Amino acid sequence: MQSNEGYQFDGGPNQGPGQGQGQGLPAGSRLNQYLANNSRQALLTGPSFGPGTPINVNAPIFIPKHQQPQPPPPPPPAVNQFAQLAIHDVPVQMIPFNQINAGPQHYGPPPHMSHRPSMQHHHPQPMAPPPPHVQVPYDRYHQESRGGTTYFYNEPSDQPLDAEHYHEVDGNEGGIVVNTSGVFCYNAPLPLAHMTRFRGKPNSTQQTQFISPELRMELLNRQLAFDTKVDPNLYPEIPQNVEHFTNLVPLENTGMQNQSHSTYKAISCRDGNFYCLRRIHGNRIQQPGKQTHLVEQWKKLVHGNIVPLREVLLNCRAFEDYSLIFAYDYYPLAETLMTKHFDPKNVTNFYDPANNFRITSPMGVPVSLGPSGANETMIWSYIIQIAAALRAIHASGLACRTLDLNKIICYGNKIMLSFCGIADVLDPDSTPIQQQQNEDLNMFGNIIVSLATGRANAWRKDLYPQSKKLIDENFSIDLRNVIGFLHNNGSRKTINEIMPMIGGRFFTVMENMQAKTDVLEGELSREMENGRLLRLLAKMNTVLERVENGTEEGWSETGDRFMLKLFRDYVFHQVTDQGRAWLDMAHIVQCLNKLDCGTLEKIEMVARGGDTQIIIDYATLKKCLEKSYRELMGNTMMIVHR
Ligand SMILES: Nc1ncnc2c1ncn2[C@@H]1O[C@H](COP(=O)(O)OP(=O)(O)OP(=O)(O)O)[C@@H](O)[C@H]1O
């Protein structure tokens, strides 16, 4: 046996039978015995990867399924981890939001999923309901946790082997379990009960495996919105750069006669972030100090229901006039309350001429209000959010001054006051701030009347009696009180006074938002490992099969790289003893995780010719990778981010 930096050839630590199969497992552990049995099985049937010496490694043995005394797939109570998918399980197809749950009920696997038994190809029953699930007795399986992973296994039995055995198990309440043919099985808890109601009922296995289709679509569309560019031939009037902003894309119709303002998406070259630019056409600021003295206060205002103002450009010449430009944070595919509820035809769309592609927000389905307006729950949610924003603005000694349906944007579940601060620059108002704030409350009342009646101008004096009648007939006394209070000009009033009228509804909105946050956090924690594994894969592929590194011609075939090459085969190119590819995503993910952590667990790697077997631990492999990657970086001029 040779040893070099932790490499061990042919053999490995001398262990007695049944010892040390699972590192850190007690000797009497049933999992340990199970692994030992599998090891013995491997002795009888030969190694799983090419010819070679018996496996005697301090690690769970990786054996193609058909070589084992075959357990039927284990039935964990809930498994919804990516790691559990077979490699041929592809991510969920993009389904437009409005098509989800639509159409006839489709039984059987979706066309792109292939984790069903292969027999089903011979006897396809696409529209037949699935056969009743035969519950495998749970007590036939043993369960043992190790290093955060729960292994399910059963003792060898006389059962016939079924190499292609996959099961799809209908779980209870939103939980569908897909078992792959892999030996390892990751077990994850079901989402918290209070979160499941926000997920909707999954209509197929996919929805429990990946980020929910609605959220995926929403995020993808937002990403596309970020990426849109305009064709300069189609928009010759849009400048290439506006100071440090570039890549301007109009968010509303431009080029109309006598337009006084326009809105664009842009990227800042300073920080690479996206901004929403509101341009006021031909507005030369003569007395900057006097007109912009409130800008700094607006910039300091941070609130979840207010779009932050970041910068104001005075007398900008990029549009060949003296424009006033306000830069706000950009929220992709945000739409105004006006377009959402009153003018759905005008929904914010990007038309990407380069791709001939329209992007709309699948979540932002226009909700046209009927003759009796929006439902009361929705209105209360708006009231609470607008009140929260106004409370912050008024507490800062400012007034919104532009509270109307066109200046409130919807972004996901949230609504936000947009374009704040513009009125203070365009038209500095010397009336007492209290009076300006009172006017905000009046405008707030108008918005509620519009939403409740389904008519944007229902608050107008001539229409108000009719609107009031409709509201009295259809809405609660609390809502009528809020409107009455906001429209009452007789007394001094503050936004805080509507809190008692909101009452317990506040908690409902807060709980809903909290639950949504929990769902998003859950999704994030499932996906966050992807980046780590991607970085690892990128490093491995940067190093492997490189023809040469500087002057070293055989670099990729020697030393540490040779170890990594064998490891690549161990991870990705496992074969059965008949030479068929053996694919198990769980194995791949687990190996990469162990490499990333640099565990001391050992594996046996076999060269393709079968003439070399190497026993090595993950910690050493990790060092090989890091060292090779560093060597490569030392020879390059590129800046590489870790
Ligand atoms: N912070 C933001 N991020 C992304 N989009 C935004 C943001 N603020 C506003 N928008 C979008 O900019 C567009 C503004 O154009 P729109 O014509 O609807 O409003 P407006 O110009 O105020 O209306 P009007 O011309 O009637 O006064 C809207 O589509 C709105 O959704």
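Which residue in S17 is the bridge partner of Cys410? In this predicted model, that partner is Ile415.

**The sheet around this pair**

Cys410 falls within strand S16, residues 408–411, and four bridges join S16 to S17 in an antiparallel arrangement. Step back a little and you will find an open sheet of three strands, ordered S13-S16-S17, with antiparallel pairing. Its edge strands are S13 (335–336) and S17 (414–417), each of which pairs on one side only.

**A helical stretch with an annotation**

Further along the chain, residues 504–542 carry the UniProt annotation "coiled-coil region", which comes from an unreviewed entry. In the model, this span is 97% helix and 0% strand, and its end C-alpha atoms lie 58 Å apart.

**Helix H17 and its surroundings**

Next comes H17, which covers residues 585–597 and has 13 residues. From first C-alpha to last, H17 reaches 18 Å, close to the 18 Å expected at 1.5 Å a residue. Several of its residues are buried: Ala586, His587, Val589, Gln590, Leu592, Lys594 and Leu595. Lys594 is worth a look in your viewer, as a lysine listed among the buried residues. An α-helix has 3.6 residues a turn, so residues three or four places apart point the same way.

What covers the buried residues of H17? The helices in this table are included in that cover.

| Covering helix | Residues |
|---|---|
| H15 | 505–543 |
| H16 | 559–572 |
| H18 | 618–634 |

Just after H17, the backbone has one more detail to check: Gly598 takes a positive phi of about 65°.

Methods
Residues numbered from 1 in each chain as written. Predicted model: local features only at pLDDT ≥ 70, side-chain atom pairs only at ≥ 80, totals over all residues. Pairing = 2+ DSSP bridges. Helix = DSSP H or I, 4+ residues; strand = E, 2+ residues; numbered from the N terminus. UniProt positions renumbered as here; feature names shortened; annotations may be inferred. Expected span 1.5 Å × (residues − 1). Buried ≥ 20, exposed ≤ 12 C-beta atoms within 10 Å, placed from the backbone. Contact = placed C-beta atoms within 7 Å.
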